[in-house]
Amino acid sequence: MKTILLLLALLSSALLSAQTKLGLKLSPVVASNRVTNDAQDVENDGSRLNLSVGLVVDKPLSDSYYFSTGLIYMPKRAAFRVSADSAESYTLQYLQIPITLKLFTSEIAPDVKVYFQIGSALELKVFEEPKEPSFDTITKFNLLDFSVILGSGIEYQAGTNTTIFAGISYQRGLSNTINETVSNADDLQLRNTIVSLDLGVKF
């Protein structure tokens, strides 16, 4: 909890900076997961298209380097298959605070720059639910998740105070999202993977 409060304090500090760019981001995301279980063979049960939205905050550190954060609604899923006739899936929703660095190139065309993004994200779970009432292998998910973020895209200076951006990012969950399972699935582990198309505008 102290970590979340510190990150929110840093976000508030960035918002108060006169040079800080604020924006809105809309991202179609493909959510899947990596699942393992030492006791029996399990596999990922496919991926799902969702929609992520949120606030982005870019604070300049120099002409080419920006500290980038925000507050993002990020839907995920937990889905696995033990056999052809046995599959379970769960809906997960998080509030994400990214902590990343954006590196910008010189203009590749008038008012157009390429950026590269690297960092991590702390995620707070706000919702969990099995897709079917009969799905009960996982009884509880962890409150926090942690991901690595890699991305790239372009920004277009559309006006004095308006910037339009588009990019693609990859988020790889590092921590096991499962907190509690039924007794015969104690070693079940699940980590999220997200690929997103990031579209937005900053002011």
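**Exercise 1.** In this predicted model, determine which residue forms a salt bridge with Lys202, and work out which parts of the chain the pair ties together.

*Solution.* Begin with the atoms: Lys202 is paired with Asp58 in a salt bridge, and the closest N and O atoms are 2.6 Å apart, which falls within the 4 Å cut-off for such a pair. Next, place both partners in the secondary structure: Lys202 belongs to strand E11 (residues 189–202) and Asp58 to strand E3 (residues 48–60), so the bridge ties together parts that are 144 residues apart in sequence. Then consider accessibility, where buried means under 20% relative accessible area: Lys202, with 3%, is buried, and Asp58, with 0%, is buried as well. Finally, look for shared partners: salt bridges join Asp58 and Lys202 with Lys102 and Glu155 into one network.

**Exercise 2.** A search of the whole structure finds seven salt bridges; for the one between Asp145 and Lys76 and the one between Glu128 and Lys125, establish the N to O distance and state whether each partner is buried or partly exposed.

*Solution.* Take Asp145 and Lys76 as the starting pair: their side chains meet in a salt bridge with an N to O distance of 3.2 Å. Because Asp145 lies in strand E8 (residues 144–157) and Lys76 in strand E4 (residues 65–83), this pair ties together parts that are 69 residues apart in sequence. Both Asp145 and Lys76 are buried. Turn now to Glu128 and Lys125, whose side chains meet in a salt bridge at 2.8 Å, N to O. Here Glu128 counts as partly exposed, at 28% relative accessibility, whereas Lys125 is buried, with a relative accessible area of 15%.

**Exercise 3.** Locate Ala158, classify its accessibility, and describe its surroundings in space.

*Solution.* Ala158 is found in the loop between E8 and strand E9 (163–173). Its relative accessible area is 41%, so Ala158 is partly exposed. Once its neighbours within four places in sequence are left aside, Ala158 is in contact with Thr163 and Ile164. As for Lys202, that residue is 44 residues from Ala158 in sequence, and the two are 10.0 Å apart in space, C-alpha to C-alpha.

**Exercise 4.** Identify the residues that form a nonpolar patch on the surface with Val30, and place Val30 in the secondary structure.

*Solution.* The patch consists of Val30, Leu49, Ile168 and Val195, which together have about 350 Å² of accessible area. Val30 itself lies in strand E1 (residues 21–36), and at 37% relative accessibility Val30 counts as partly exposed.

Methods
Residues are numbered from 1 along each chain as its sequence is written. This is a predicted model: local features need pLDDT of at least 70, side-chain atom pairs count only at pLDDT 80 or more; totals for chains, interfaces and linings use all residues. Side-chain values use heavy atoms; hydrogens and water are left out. Helices (H or I, at least four residues) and strands (E, at least two) are DSSP runs, numbered from the N terminus. Buried means under 20% relative accessible area, exposed over 50%, partly exposed in between (1.4 Å probe, protein chains only). Patches are made of residues with over 30% relative accessible area and no salt bridge: like charges are joined within 9 Å, nonpolar side chains (Val, Leu, Ile, Met, Phe, Trp, Tyr) within 5 Å. Accessible areas come from the Shrake-Rupley method with a 1.4 Å probe; for residues, only the protein chains shown count as cover. Contact means heavy atoms within 4.5 Å.
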